[in-house]
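Here is a short report on one fold, built up from a helix to the sheet around it. Keep the structure open while reading.

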Amino acid sequence: MSVGGLFVGLATLDVVQRVDRLPGADEKTVAGESWLAAGGPAAVAAIAFAALGGHARLWTAIGTSPAGRLVAADLASAGVEVVDVAPPGFELAPSTVLLGAGSGERAVVSGSGRQVAFGKIAGPDLSGVDVVLVDGHHEPLCRSAALAAGSVLVVVDAGSHKPVFDDVFAFATDVICSADYVHPAGLAPRELLASGPRLVAVSNGGSPLEWWTAEASGTVVPEPVAAVDTVGAGDVLHGAYCHGLASGRDRVAALERAVAAATERVRHLGPFAWRAAL
């Protein structure tokens, strides 16, 4: 039976260029390969969820600009249902990604810093939804989804702290932080359990993922791999974790499956070459 996930937050147009090395100040370089593709934390998590066989619904702002149409087409081809609440005149934020050919590591310039004036929005459609993921972008959407979730699982992608998390953590069942996550009050990630989540985890690329619940703690060690492209690997992890939870796996088993999915993603060059491998 297919499971359903609602993914709330950012979609971007990723401009990815593969270079031998990152250029210095006032230096030009030539990309060996380039891609234009749908990106953004919530969007890529939704793509991963769909690649694993789930029904993914993305609640975001895309709009009808040329960049928006390209992103919408990518999401449709990935099997993601899009609920686009972009206000009139909205221009989709691009992200520029420089991908190191030797290491697979990347440098990112995000265009997603500005707040969107959504005006009055209706609550999310939670029909057929087993899990909700919020990434903290488009704060009114994330807040609305978390508050409306009720008994539905709520996963927070805490790559960096967003103001809306002060409201959302109390409704979250699961929080996955990046290794760079810093709480404004200085709380260690495991201390977020006091806010209400049943699990808090910290992902750290190819290093062991750490996790905590009220009763236990542990690590998930990724399989060693020669990474060729790390763009969106954390977002794939989040989408796979959501799919594991929605499918009835326990939390540790869902984390193990998610780490394996992220490891599979970094084996493949390009925005979507990894999907079939999941």
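In this predicted model, helix H2 covers residues 66-77, which makes 12 residues. At 1.5 Å a residue, H2 should span 16 Å. Its end C-alpha atoms lie 17 Å apart, so expectation and model agree.

Which residues of H2 are buried? They are Gly-68, Val-71, Asp-74 and Leu-75. Viewed down the axis of H2, these buried residues fall within an arc of 125 degrees, so they line one face of the helix. The general rule behind such a pattern is simple: an α-helix has 3.6 residues a turn, so residues three or four places apart point the same way. The other side of H2 carries the exposed residues Pro-66, Arg-69, Ala-76 and Ser-77.

The buried residues of H2 have several packing partners. These are strand S2 (12-19), strand S3 (33-39), helix H1 (41-51), strand S4 (55-60) and strand S5 (80-84). After H2 comes Gly-79, with a positive phi near 85 degrees.

**From helix to sheet**

S4, H2 and S5 together form a right-handed β-α-β unit. In S4, 5 of the 6 residues are buried, so this strand is largely enclosed by the rest of the structure. Several strand pairings can be set side by side.

| Strand pair | Sense | Bridges | Opposite residues |
|---|---|---|---|
| S1 (residues 4-8) and S4 | parallel | 5 bridges | Phe-7 and Leu-58 |
| S4 and S5 | parallel | 5 bridges | Trp-59 and Val-83 |
| S1 and S8 (residues 131-134) | parallel | 4 bridges | Val-8 and Val-134 |

These strands belong to an open sheet of 9 strands with mixed pairing, in the order S5-S4-S1-S8-S9-S10-S11-S12-S13. Its edge strands are S5 and strand S13 (217-220), each of which pairs on one side only. From one strand to the next, the twist averages 20 degrees.

Helix H3 (residues 139-148) packs on the sheet and touches S1, S4 and S8. The direction of H3 makes about 130 degrees with that of S4. Helix H6 packs on the sheet too, touching strand S9 (153-158), strand S10 (174-178), strand S11 (199-204), strand S12 (207-212) and S13. The direction of H6 makes about 160 degrees with that of S12.

**Two buried helix residues**

Take Leu-255 in helix H6 (residues 251-266). Is Leu-255 buried or exposed? Its relative accessibility is 0%, so Leu-255 counts as buried. Setting aside residues up to four places away in sequence, Leu-255 touches Ile-176, Leu-199, Ala-201, Leu-209, Trp-211, Val-220 and Tyr-241. Leu-255 and Ala-179 are 76 residues apart in sequence, and their C-alpha atoms are 16 Å apart in space.

Now take His-238, which sits in helix H5 (residues 233-246). His-238 has 6% relative accessibility. The cut-off for buried is under 20%, so His-238 counts as buried. What does His-238 touch, not counting residues up to four places away in sequence? Its contacts are Ala-45, Leu-133, Asp-157 and Ile-176. Ile-176 is thus touched by His-238 and by Leu-255.

Definitions and conventions:
Residues numbered from 1 in each chain as written. Predicted model: local features only at pLDDT ≥ 70, side-chain atom pairs only at ≥ 80, totals over all residues. Heavy atoms only, no water. Buried < 20%, exposed > 50% of the residue type's maximum accessible area, 1.4 Å probe, protein only. Contact = heavy atoms within 4.5 Å. Expected span 1.5 Å × (residues − 1). Arc of directions from axis to C-beta. Pairing = 2+ DSSP bridges. Right-handed = clockwise from strand over helix to strand, strands pointing away. Axes fitted to C-alpha atoms, helices over the stretch in contact; angles between N-to-C directions.
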